[in-house]
Amino acid sequence: MKNKHQSIYALLQQGLLPQAAAAAKALVAQSPRDARAWLAAGRVHEALRQPGPAEAAFSKAVALEKGLLEAYEGRPHSLLALGRFDEA
């Protein structure tokens, strides 16, 4: 599973956002209980400037794995972008 996560981040680093989005969507569909898949999806949505889906993905990641700090770090950025300052 780790290789699939890494490939999504590699696509993001290369600026291949549509491919990263497709890979993240496929990974979440294949492994819906994988918190790191949701984290990767959140990062993709962040890169696509889609704060609503990013926040939802980060929240799902946190719900699945309480100790996943990267998801906690991503969520406030999305909430701020959505204007939900009191929740950030």
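Modeller: Let's fix the burial words before anything else: buried means under 20% relative accessible area, exposed means over 50%, and partly exposed is what lies in between, using a 1.4 Å probe and protein chains only. This is a predicted model, where local features need pLDDT of at least 70, side-chain atom pairs count only at pLDDT 80 or more, and totals for chains, interfaces and linings use all residues. Residues are numbered from 1 along each chain as its sequence is written, and side-chain values use heavy atoms, with hydrogens and water left out.

Colleague: Fine. What makes R84 partly exposed?

Modeller: Its relative accessibility is 28%. That sits between the 20% and 50% limits, so R84 gets the middle label.

Colleague: And why is E55 called buried?

Modeller: E55 has a relative accessible area of 9%, and the label applies under 20%, so E55 qualifies.

Colleague: How do you know that E55 and R75 meet in a salt bridge?

Modeller: The rule wants a side-chain nitrogen of Lys or Arg within 4 Å of a carboxyl oxygen of Asp or Glu. For E55 and R75 the N to O distance is 3.0 Å, so the pair passes. E55 lies in helix 4 (residues 51-64) and R75 in helix 5 (residues 69-81), 20 residues apart. Helices here are DSSP runs of H or I with at least four residues, strands are runs of E with at least two, and numbering starts at the N terminus. As for cover, R75 is partly exposed at 25% relative accessibility.

Colleague: What about R84 and E55?

Modeller: Another salt bridge, at 4.0 Å from N to O. This one ties the segment after helix 5, where R84 sits, to E55 in helix 4, 29 residues apart.

Colleague: What joins E55, R75, R84 and E87 into one network?

Modeller: R84 also forms a salt bridge with E87, with the closest N and O atoms 2.8 Å apart. Salt bridges that share partners then link the four residues. E87 itself is partly exposed at 38%. The total count of salt bridges by this rule is five.

Colleague: Why does D34 have no salt bridge?

Modeller: Count Lys and Arg as positive and Asp and Glu as negative, leaving out His and the chain ends. The nearest side chain of opposite charge is then R36, at 6.2 Å, and the limit is 4 Å, so D34 stays unpaired by this rule. D34 is buried all the same, in the loop between helix 2 (17-30) and helix 3 (35-47).

Colleague: Which side chain does D34 make a polar contact with?

Modeller: That of H5, at 2.8 Å. A polar contact is a pair of N or O atoms within 3.5 Å; within protein, one must be able to donate a hydrogen and the other to accept it, and residues adjacent in sequence count only if both atoms are side-chain atoms.

Colleague: Last one: what makes the protein chain as compact as a globular protein of that length?

Modeller: The fold has five helices and zero strands, running α-α-α-α-α from the N terminus. Its radius of gyration is 12 Å, close to the 12 Å that the globule rule gives for 88 residues, so the label holds. That radius is taken over C-alpha atoms, and the rule is 2.2 Å times the number of residues to the power 0.38. Along its principal axes, the C-alpha trace spans about 35 × 25 × 20 Å, and buried residues make up 33% of the 88.
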